[in-house]
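I opened the notebook with the sequence and the coordinates side by side, and I wrote down each point as I looked it up.

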Amino acid sequence: MPQHAASKVYLVGGGPGDPGLLTLRGAECLARADVVLYDYLVNPRILRHAPPQAKLVCLGRHGVDHVWRQDEIDRRLVELAQAGKTVVRLKGGDPALFGHLVEEVAALRAAQIEYEIVPGITAAAALASHAGIPLTRRDAASAVALVTGRESDDKQQPLDFAHLAAFPGTLVFYMGVTTVREWAGALVAAGKPADTPVAVVWRASQPEQRVLRTRLALLADDVERARLRPPALFVVGPTAAAADDLDWFSRRALFGASVLVPRPTRADDPLTRELEQLGAKVVAAPAIEIGPPADLAPLDGAIERLGSYRWLVFSSANGVEALLERVLATGRDMRAFAGVKLAAIGPGTAEALAGYHLRADLVPPEFRAESLADALAPQAAGGRCLLVRASRGREVLADRLRAAGATVDQVVAYSSIDAPGPHPVAARLLAEGSLDWIAVTSSAIAR
């Protein structure tokens with residue numbers, strides 16, 4: 001038995017970049033983490049699966065800050081586990097493929113620390129699915145070889161380019177951008193035809209994905225001319241010349257577009273999810289901050305009186321989460337809503353209710369306060385309504401319901417305050433002119 005049974009290290013593959021391609025097991029492990037040590041190529045959105053209190057440690061980016069040596073990573077994994085922490089070592093792609101897995105497992109075994117290896121989708125599989133480049137084809141390529149473009153200096157048996165040149169299938173080179181001239185030249189010198197098709201896929205599965213098609217003899221010059229930088233993969237072989245019939249990814253309506261979402265977002269934010277499914281690169285840069293109300297007493301009082309209301313009205317998903325979490329925190333459950341009808345301003349708010357197993361009785365055809373008031377007024381007339389709101393916002397909904405004959409109470413479920421200054425990412429992208437759209441979702445954010 002390991003000496004440190006209470007602690008554990010999860011060696012998790014984060015996938016090729018698209019946060020939706022993280023495995024369910026990977027998300028489960030992140031949800032347990034006290035500390036996450038992650039590679040810089042991991043999509044930051046994946047880190048949202050970790051608990052808010054988890055410590056997130058980036059292991060450095062070449063040319064930007066200190067890049068941790070492998071022995072530093074090994075030592076830190078052991079130290080954290082011995083301190084009783086649950087640790088996730090989060091890697092891009094699959095941890096067992098060009099990921100220093102052997103070294104890290106050896107360090108953990110030597111220290112008798114329990115570990116688990118969680119596979120991830122490797123970039124080669126992602127480019128095959130997302131760039132429309134099949135790695136195998138019955139009539140042309142019956143085998144695939146995954147090859148490193150950067151070998152260790154102390155490796156005893158270097159790559160045999162004669163065998164690679166004669167390989168009867170597809171070669172996929174990882175980590176080959178900076179050494180492309182060397183390995184491409186070695187293939188040609190070993191007999192690989194100079195006109196062999198090559199496809200270079202940059203940031204496979206991500207909105208920035210680019211595909212460069214060329215021939216082996218022209219590859220190094222074309223890469224330099226395109227100023228390609230890592231991460232990129234090279235597909236060498238006849239399948240690299242395949243037509244774009246399999247390409248669904250770049251044909252989506254917002255592929256390649258950058259969209260700024262200036263509101264606080266959660267890991268399951270529906271707006272972000274829909275934009276990404278349309279191909280957009282979503283940049284989350286909150287212009288407002290959400291927190292608990294200054295005084296919880298009015299909210300607790302409203303929860304105690306829930307049964308006296310005919311309608312409970314939500315104007316945001318934040319309001320749903322704030323009220324429902326307070327209901328649970330005060331020892332109640334969903335039975336507190338028995339006999340109360342629920343109105344939601346739009347599908348996102350209704351979806352937030354559904355997350356607590358509650359179904360909205362009314363969602364207006366247009367997702368704004370005026371439309372909600374028009375739809376609700378005939379049913380609310382003569383009854384009592386409770387509006388769950390932020391610490392600031394428009395009064396149009398309350399005014400119109402009162403005008404229709406309803407008795408309206410309002411309770412602040414969460415505070416909404418302006419961010420202390422421009423979000424640095426948003427400011428930089430705006431200055432560069434590299435944003436295509438800004439999704440303004442509330443009057444507070446617009447201001």
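Does Met175 count as buried, partly exposed or exposed, and what relative accessibility puts it there? Before answering I note that this is a predicted model. I found Met175 at 32% relative accessibility, and because buried means under 20% and exposed means over 50%, this residue counts as partly exposed.

**Surface patch.** I then looked at where Met175 sits, and found it in the loop that runs between strand S7 (170–174) and helix H6 (180–189). Together with Phe98, Val144 and Leu146, Met175 forms a nonpolar patch on the surface, and the accessible area of these residues together is about 280 Å².

**Overall figures.** I next took down the values for the whole protein, which has 15 helices and 18 strands. Its C-alpha trace spans about 85 × 55 × 40 Å along the principal axes. Of the 447 residues, 47% are buried, while the accessible surface comes to about 22,000 Å², with 53% of that belonging to carbon and sulfur atoms. Looking at contacts between residues at least 6 apart in sequence, I noted that 69% join residues at least 24 apart.

**Cysteines.** I searched for disulfides and recorded that the structure holds zero. I also looked up the accessibility of two cysteines: Cys29 is buried, with a relative accessible area of 0%, whereas Cys58 counts as partly exposed at 29% relative accessibility.

**Strand S17.** Two residues of this strand went into the notebook. Which residues does Ser415 touch, leaving out those up to four places away in sequence? I listed Glu289, Ile290, Gly291, Pro292, Pro293 and Ser391. Ser415 lies in strand S17, which covers residues 407–418, and at 16% relative accessibility it counts as buried, because the cut-off for buried is under 20%. For Pro292 I could add a distance, since its backbone oxygen lies 3.2 Å from a polar atom of the Ser415 side chain.

Val408 is also found in strand S17, and I recorded it as buried, with a relative accessible area of 8%. Not counting residues up to four places away in sequence, Val408 touches Cys385, Leu387, Ala398, Leu401 and Arg402. I also looked up its separation from Thr214: the two are 194 residues apart in sequence, and their C-alpha atoms are 67 Å apart in space.

**Backbone geometry.** I kept the last page for backbone angles, bearing in mind that most residues other than glycine have a negative phi and that most peptide bonds are trans. Where is a cis peptide bond found? I found one from Pro230 to Pro231, with omega near 5°, and Pro231 lies in the loop between helix H7 (219–226) and strand S10 (232–236).

Two residues other than glycine were entered for a positive phi. Ser205 has a phi near 80° and lies in the loop between strand S8 (197–202) and strand S9 (210–215). His357 has a positive phi of about 65° and lies in the loop between helix H11 (347–354) and helix H12 (369–380). Which accessibility class does each of them fall into, buried or exposed? I noted that Ser205 is buried, with a relative accessible area of 3%, whereas His357 counts as exposed at 75% relative accessibility.

Terms used: Residues are numbered from 1 along each chain as its sequence is written. This is a predicted model: local features need pLDDT of at least 70, side-chain atom pairs count only at pLDDT 80 or more; totals for chains, interfaces and linings use all residues. Side-chain values use heavy atoms; hydrogens and water are left out. Patches are made of residues with over 30% relative accessible area and no salt bridge: like charges are joined within 9 Å, nonpolar side chains (Val, Leu, Ile, Met, Phe, Trp, Tyr) within 5 Å. Accessible areas come from the Shrake-Rupley method with a 1.4 Å probe; for residues, only the protein chains shown count as cover. A salt bridge is a side-chain nitrogen of Lys or Arg within 4 Å of a carboxyl oxygen of Asp or Glu. Helices (H or I, at least four residues) and strands (E, at least two) are DSSP runs, numbered from the N terminus. Buried means under 20% relative accessible area, exposed over 50%, partly exposed in between (1.4 Å probe, protein chains only). A disulfide is a pair of cysteine sulfur atoms within 2.5 Å. A polar contact is a pair of N or O atoms within 3.5 Å; within protein, one must be able to donate a hydrogen and the other to accept it, and residues adjacent in sequence count only if both atoms are side-chain atoms. Contact means heavy atoms within 4.5 Å.
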